[in-house]
Amino acid sequence: VTKMPRLEELANVALRVPSILVLDLLYKCDIEGLTDRLKAKNEDMLFKYKYLIWNMYYIGHLVNVVVLILPLRHIVTLYLHVLAALLLYMGHQISKDYVREELQYDYEGPVYLDSLAFNRLFRLCAGQIILSTLCAFLMKTRKVWLFSAHLLPLLARFCAVPRPTLLTVSTFSMGLTGAGAAVFLLSHLFLPYRLARAAYLELVHVEVFELYRLLAVGISLWNQFAVPVLFSVFWFVLFIVQLCSDTMNGNASLGHQGILFFLLTSVSECCATPYALLGLTFVVSYLALGLLNLCKFYLGGYAAVQNENVMHRGVTEGVTLLLLALQTGLLDMQTLQRTFLLSIILFIVVTSTLQSMIEIADPVILALGASRNRSVWKHFRGLSMCLLLLVFPVFMAYKISQFFHMDFWLLILVSSCMLTSLQVIGTMLIYSLFMVELFRTDPIESLDEVIYWVNAISRVLEFLVALCVVAYGAWESLFGEWSWMGASVIIIHSYFNVWLRAQSGWRSFLLRQEAAKKINSLPRATTHQLLQHNDVCSICFQEMSSAVITYCGHFFHGNCLRKWLYVQETCPMCH
């Protein structure tokens with residue numbers, strides 16, 4: 001697939017946005033309410049009015065969908081035709097206004113004998129000729145006379161046609177232009193059929209297997225129409241218009257409610273239709289992707305952003321918002337209800353984004369400590385990111401607990417923030433241990449054990465938080481308001497956050513216990529044996545001041561062999 005030039009990419013998005021805006025407006029139209037308020041002389045006329053309105057409604061949808069999926073060159077041609085039609089309409093309106101002014105102007109003689117009338121006619125003729133030339137340029141033809149019907153009333157006035165006749169000439173010129181437009185439309189009546197047939201022939205000649213043809217065409221259309229960018233631009237246009245409207249109409253409420261609630265209300269107004277909700281989904285995906293890339297750039301520089309693609313994480317946040325909005329019936333709610341529900345959904349999305357940021361920051365911070373990197377700036381960036389990920393979830397939990405009454409759903413949100421902060425605390429503690437070892441003259445022998453117990457305590461705290469959430473949810477379901485939704489969430493939460501955590505922790509504990517028993521059963525090497533061996537540990541390649549001897553006669557550090565026995569039960573040298 002050839003890549004579009006920048007200007008063509010811009011036009012490909014900008015020229016399709018109006019079609020989505022019109023579809024969004026049509027979706028908001030209350031056609032049933034309009035038809036119910038109709039009045040007619042009899043039932044037959046009322047039925048015809050309703051039939052006409054509903055057909056116009058469906059045709060409006062069909063026309064905009066067709067325009068939306070047209071190839072770019074045909075959309076450009078369509079916009080040029082519409083612009084030419086608007087210019088012709090403007091030319092006829094100017095001629096009509098001129099005729100009315102002439103009827104009011106008290107002068108019956110030839111135009112060239114009155115300087116004021118002649119100057120006005122000359123200026124209008126020059127402007128109308130330029131307008132006709134511009135129409136011919138837009139329609140890519142040299143036949144300027146085809147677009148000069150609106151000049152007839154001016155020519156009639158110059159030829160001293162009686163003033164009452166000028167209205168007739170003006171009406172005739174408009175009819176002439178209308179007839180030309182009708183002939184043009186009839187000559188292009190089968191253009192949609194030809195476009196559809198060309199698209200079908202192109203689909204037939206796609207060189208892919210039959211099973212994958214539809215998927216290949218779908219991906220091709222997705223890229224050709226730039227769907228994520230298109231809906232994101234559409235949503236931003238919608239949001240800016242809504243924000244300006246709310247700002248002009250609600251200055252008093254802005255100061256009373258606060259800027260955050262004001263913005264949330266504007267956002268909720270911009271997700272009242274499926275098109276707007278889809279646009280918000282793509283916007284959230286791009287914002288999450290940008291935030292994750294910004295985190296990577298802050299921690300590792302430009303090279304870190306180029307080396308790894310995190311687009312799937314941005315997509316995860318957008319899909320999460322879309323699924324939660326559809327599941328909770330966000331589109332069918334009133335503005336205030338939609339605002340509060342949207343704030344909860346966005347809170348979940350932000351929490352998911354913070355979790356992804358921890359996944360990015362955690363290995364970077366631990367690598368800084370373990371690699372004995374002495375760059376102050378890198379350590380500052382890592383610690384400042386950890387501080388942000390520690391404080392911001394707590395701040396979010398505090399804010400949302402002020403807005404809503406504490407219940408099971410709010411407890412899940414607050415607990416997710418607590419889990420995020422606990423993970424950051426565990427990472428910072430391990431980082432601190434690495435830094436302590438860096439400034440010591442001799443290494444800490446049992447550092448691996450300390451790190452394990454720090455991780456273990458952090459996981460136990462996370463497990464206890466999840467267990468408290470499940471216990472509270474079960475209590476509320478049994479003795480409070482029970483629902484299938486709440487019960488399903490408790491089951492899922494119990495499995496993923498309680499059972500799997502407990503199973504993983506217990507398995508890790510048993511492995512360490514078994515490895516410790518095996519190490520304790522091995523003999524310790526004496527100083528004479530170490531001097532006679534005179535070699536490094538074959539696991540870590542460091543000097544050995546103490547060692548254990550396996551039954552096959554190999555020397556290893558006790559901690560190194562313990563870590564090996566976590567995953568293997570044989571000797572690292574001879575197996």
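Which residue's side chain meets that of R120 in a salt bridge? In this predicted model, the partner is E102, with N and O sitting 2.4 Å apart. The pair ties together distant parts of the chain, since R120 belongs to helix α6 and E102 to helix α5 (residues 72–104), with their positions 18 residues apart. As for solvent, R120 and E102 are both buried. The pair does not stand alone either: through salt bridges with shared partners, E101, E102, R120 and R157 join into one network.

The two helices that carry this pair also pack against each other. The axes of α5 and α6 lie 9 Å apart, at an angle of about 165 degrees. Anything over 145 degrees counts as roughly antiparallel, so α5 is roughly antiparallel to α6. The crossing of α5 past α6 is left-handed. On the α5 side, the contact is made by L80, L83, A84, L87, L88, M90, G91, I94, S95, Y98, E101 and E102. From α6 come R120, L121, L124, Q128, L131, L134, C135 and L138. Sorted by type, the residues of this contact come out as 14 nonpolar, three polar and three charged. Both members of the R120–E102 salt bridge are thus listed in the helix contact as well.

A second helix pair, α11 with helix α13 (residues 259–269), packs at an angle of about 130 degrees, again with axes 9 Å apart. That angle makes α11 and α13 oblique to each other. Here α11 passes α13 in a right-handed crossing. The α11 residues involved are W235, F239, Q242, L243, D246 and T247, and they meet F262, L263, S266, V267 and E269 of α13. By type, the contact of α11 with α13 splits into six nonpolar, three polar and two charged residues.

Back to charge pairs: the structure holds six salt bridges. Side chains of opposite charge can pair when their charged atoms come close. One of the bridges brings the side chains of K28 and D24 together, at 3.5 Å from N to O. Both residues sit in helix α2 (residues 17–28), and because they are four residues apart, about one helical turn separates them. The two ends have their own surroundings: K28 is partly exposed, with a relative accessible area of 45%, whereas D24 is buried, at 1%.

Helix α4 (residues 43–68) offers another bridge with four-residue spacing, so D44 and K48 are also separated by about one helical turn. The closest N and O atoms of D44 and K48 are 3.6 Å apart. D44 is partly exposed, with a relative accessible area of 43%, and K48 is partly exposed too, at 47% relative accessibility.

Finally, a couple of backbone oddities turn up in loops. K140 is not a glycine, yet its phi is positive, at about 60 degrees. The residue lies in the loop between α6 (115–138) and α7 (152–158). Buried or exposed, where does K140 fall? With 72% relative accessibility, K140 counts as exposed. A226, likewise not a glycine, has a positive phi of about 50 degrees. Its place is the loop between α10 (210–225) and α11 (227–249), the latter being the helix that packs with α13.

Notes: Residues are numbered from 1 along each chain as its sequence is written. This is a predicted model: local features need pLDDT of at least 70, side-chain atom pairs count only at pLDDT 80 or more; totals for chains, interfaces and linings use all residues. Side-chain values use heavy atoms; hydrogens and water are left out. Helices (H or I, at least four residues) and strands (E, at least two) are DSSP runs, numbered from the N terminus. Buried means under 20% relative accessible area, exposed over 50%, partly exposed in between (1.4 Å probe, protein chains only). A salt bridge is a side-chain nitrogen of Lys or Arg within 4 Å of a carboxyl oxygen of Asp or Glu. Axes are lines fitted to C-alpha atoms, for helices over the stretch in contact, and angles run from 0 to 180 degrees between N-to-C directions. Angles under 35 degrees count as roughly parallel, over 145 as roughly antiparallel, 65 to 115 as roughly perpendicular and the rest as oblique. A crossing is left-handed if the near helix is turned anticlockwise from the far one by less than a right angle, and right-handed if clockwise. Contact means heavy atoms within 4.5 Å. Ala, Val, Leu, Ile, Met, Phe, Trp, Tyr, Cys and Pro count as nonpolar, Asp, Glu, Lys and Arg as charged, and the others, Gly among them, as polar.
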